[in-house]
Amino acid sequence: MKRREFVLAGLAAGLTASGCSTPGIKLDAPYVSTPQPVVDAMLRIADVGRNDVVYDLGCGDGRIVISAASGFGARGVGVDLDPRRIEEANAAARSAGVSGRVRFVVQDLFKTDFSEASVLALYLFPEMNARLLPKIRAELRPGSRVVSYQFGIGDWIPDASEGIWTSELRSEIFLFKVPPR
C-alpha cells in the first residue's frame with residue numbers, strides 16, 4: 001500500500017489524518033490514529049504482559065502505550081516528532097491513571113534508542129519500516145516482538161499475521177520475533 005492509499009484507507013475508516021499540529025515541523029508520515037480494536041489486537045498478538053516494555057515509534061496520541069499499561073500492566077515509551085501529540089499523550093496517560101508507567105518523548109524515531117523494548121509497535125509507511133529494519137535487528141534483544149499495523153518490515157518474514165476489520169476496511173497486523181543472533 002502506497003502513501004496515497006494509506007491516507008485514503010485511514011479516511012475511509014473514519015480515522016483522523018493530519019500533518020504536524022506544531023508549525024515548522026515536517027513529518028515523514030501523516031498522523032493517522034490507530035483504531036482501538038486494532039490497538040487491542042496488536043497488543044494481544046504481541047502477547048504483551050506485566051514484564052514488557054512497549055515502545056511505540058510515531059506514537060501520536062499515545063493510545064498503544066497507554067493501552068499496554070492500562071490493559072496489560074506493561075510499561076511503555078511513546079516517541080513522536082510532534083510536541084503537541086506528546087502533550088495529548090501525556091494528558092491521556094494522566095486521565096487513564098498510567099502516567100507512572102509510561103513516558104512520551106519528542107524525538108526522531110530513527111535516532112531513538114529502543115534497546116530496552118521487549119515489544120516494538122509500528123504504524124509507519126513500508127519504506128520507513130524498511131529503513132528501521134537494520135536498527136531493529138541491531139538494538140532489540142532476541143525474543144523481542146515487533147508488531148506492525150498495516151505494513152510489513154522490509155524483507156523480514158512475519159512469524160504471524162492477523163486480519164482485522166474496522167468499519168469497512170480490512171487491515172493486517174504483522175508480528176515479528178527477533179531471532180537469536
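Let me begin with a single residue, Leu-120: leaving aside neighbours within four places in sequence, Leu-120 is in contact with Tyr-55, Leu-57, Phe-114, Ile-136, Leu-140, Arg-145, Val-146 and Val-147. I should say at once that the model under discussion is a predicted one.

Apart from the core of Leu-120 there is another, to which I shall return. What is the size of the largest nonpolar core, and which residues have the most contacts inside it? That core has 25 residues, and those with the most contacts within it are Leu-120, Leu-122, Leu-132, Ile-136 and Val-146. At least two residues of this core come from each of β3 (53-57), β4 (75-80), β6, α5 (126-139) and β9. Helix α5 provides the largest share, namely four residues. The other core, lying apart from this one, has 21 residues, including Ile-45, Val-48, Val-54 and Ala-121.

I turn now to the chain as a whole. The chain contains five helices and nine strands, and their order along the sequence is α-β-β-α-β-α-β-α-β-β-α-β-β-β. Of its 181 residues, 51% are buried. Among contacts with a separation of 6 or more, 63% are between residues 24 or more positions apart. The exposed surface amounts to about 8400 Å², of which carbon and sulfur atoms supply 51%.

Next, helix α2, residues 36-45. Which of its residues are buried? They are Val-38, Val-39, Ala-41, Met-42, Leu-43 and Ile-45. The buried residues of α2 pack against helix α3 (63-72) and against four strands: β6 (119-122), β7 (145-149), β8 (160-166) and β9 (169-177). Just after α2 comes Asp-47, with a positive phi of about 55°.

Asp-47 leads us to Arg-145, a residue of strand β7. Is Arg-145 buried or exposed? Arg-145 counts as buried because its relative accessibility is 13%, and the cut-off for burial is under 20%. Its side chain reaches the backbone oxygen of Asp-47 at 3.3 Å. Not counting residues up to four places away in sequence, Arg-145 touches Ala-46, Asp-47, Val-48 and Asp-52, then Ser-118, Val-119 and Leu-120, and finally Leu-175, Phe-176 and Lys-177.

This brings us back to the starting point, as Leu-120 is among the residues that Arg-145 touches. Leu-120 is also one of the residues with the most contacts inside the largest nonpolar core. Thank you for your attention.

Conventions: Residues are numbered from 1 along each chain as its sequence is written. This is a predicted model: local features need pLDDT of at least 70, side-chain atom pairs count only at pLDDT 80 or more; totals for chains, interfaces and linings use all residues. Side-chain values use heavy atoms; hydrogens and water are left out. Buried means under 20% relative accessible area, exposed over 50%, partly exposed in between (1.4 Å probe, protein chains only). Contact means heavy atoms within 4.5 Å. Accessible areas come from the Shrake-Rupley method with a 1.4 Å probe; for residues, only the protein chains shown count as cover. A polar contact is a pair of N or O atoms within 3.5 Å; within protein, one must be able to donate a hydrogen and the other to accept it, and residues adjacent in sequence count only if both atoms are side-chain atoms. A nonpolar core is a set of buried Ala, Val, Leu, Ile, Met, Phe, Trp, Tyr and Cys residues joined through side-chain atoms within 4.5 Å.
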